[in-house]
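Visitor: I'm new to reading protein structures. Could you walk me through this one, a piece at a time?

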Amino acid sequence: MGCILFIGNPKSEMKEEQSEKSNGHISWLERISRKLSGEPKDREELVLWLRSVQERGLFDIEAQGMLEGVLQVGDLQVRDIMIPRSQMAILHRDDAPESLLSMIIESGHSRFPVVGDNRDEIIGVLLAKDMLRFCSEKSREQFELRDILRPAVFIPESKRLNVLLKDFRSRRNHLAIVVDEYGGVAGMVTIEDVLEQIVGDIEDEHDIDDDSLIRKFSDSNYTVKALTPIEDFNEYFNTLFSDTEFDTLGGLIVHRFGHLPQRGESLTVDDMTFTILSAGNRRVHLIRVTTTVKSDAEQSTQ
């Protein structure tokens, strides 16, 4: 007699499928996991797959941007997004309470590195809310800055953003001081800076876009927001890029690439190299600009 091999139960599978439909809604994460029967071979394939799923309406364009942001955070380092030392809003150890309060109100920030004799001597972090008790003249007589300072957290420039975000959450800390290989202060980074790489710019009433469009890290290394007007870029770098076709640096760079570039792609124009640091599925967000630094002798011969 021949043997009959039963594989599964068609009726039970049909009932299960009907039960899923009648029971409701399957979360988009469950749908993604079911679709991943043929797993992407690399990050690029995963991003392309996510975009194709989004186009079929499984989730909206905002969710797509955040998913890609989560993937990019693991590749970015602190040096790519930090606030450089020259742009840090700092307070001095010996400042009077009136001066500290004035600085806090003027800047609108909630946390401030406090320095001693120089900018490399970070003695702690001051939270603006800790100064509220000293608003009256009587309370200022008992003011002692060291009593309300929080410990400063120091991290290297090379720290990955995904690791930093985990540290921020576990330590319940929102600000870290970035140090270079020699131990000097290179800048600072906040939890908001990291989250913006995932959800996009987080605007508040104190943000002034023009002050942070271009950040200088060295004589040859800059970070520039893609929304920087070409006119402002030309003025800053003494370049002559045309703004007749495009208003922003991002628009010009995308045109030069000939496609929407992804993170890590580079393009050299004259003596400038443009490297994409952050990009979504619709536009570029952040660009590293590397220039050729010429010696005084080279400049004098031109």
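Guide: Sure! One term to begin with: a residue is called buried when its relative accessible area is under 20%, and exposed when that area is over 50%. Also keep in mind that this is a predicted model.

Visitor: Is T190 buried or exposed?

Guide: T190 has its place in strand β7, residues 185-190. Its relative accessible area is 17%. The cut-off for that label is under 20%, so T190 counts as buried.

Visitor: Leaving aside neighbours within four places in sequence, which residues is T190 in contact with?

Guide: For this one we skip whatever sits within four places of T190 in sequence. What remains on the contact list is F168, H174 and L175.

Visitor: How do the buried residues of helix α8 sit when seen down its axis?

Guide: Helix α8 covers residues 161-171, and L161, L164, L165 and F168 are buried there. An α-helix has 3.6 residues a turn, so residues three or four places apart point the same way. Looking down the axis of α8, the buried residues fall within an arc of 100°, so they line one face of the helix.

Visitor: And which exposed residues are on the face of α8 turned away from the buried side?

Guide: Here we go round to the face turned away from the buried side of α8. The exposed residues carried there are K166, S170 and R171.

Visitor: Which side chains of strand β10 are buried?

Guide: In a regular strand the side chains alternate between the two faces of the sheet. β10, residues 266-269, shows this alternation: S266 and T268 point to one face and are not buried. Pointing to the other face, and buried, are L267 and V269.

Visitor: What is the phi of D270, in the turn between β10 and β11?

Guide: β10 runs antiparallel to β11 (residues 272-279), joined by 4 bridges, and T268 stands opposite T273 in β11. The two strands form a hairpin with 2 residues between them. D270 is in that turn, and its phi is positive, about 55°.

Visitor: Which strands stand at the edges of the open sheet of 3 strands?

Guide: The order in this sheet is β2-β3-β4, with mixed pairing. Each edge strand has a single partner, so one side of it is left without a neighbour in the sheet. Those edge strands are β2 (91-92) and β4 (122-127).

Visitor: Which residue of β4 does F112 stand opposite?

Guide: β3, residues 111-115, pairs with β4 in the antiparallel sense over 5 bridges. Opposite F112, in β4, stands L126.

Terms used
Residues numbered from 1 in each chain as written. Predicted model: local features only at pLDDT ≥ 70, side-chain atom pairs only at ≥ 80, totals over all residues. Heavy atoms only, no water. Buried < 20%, exposed > 50% of the residue type's maximum accessible area, 1.4 Å probe, protein only. Pairing = 2+ DSSP bridges. Arc of directions from axis to C-beta. Contact = heavy atoms within 4.5 Å.
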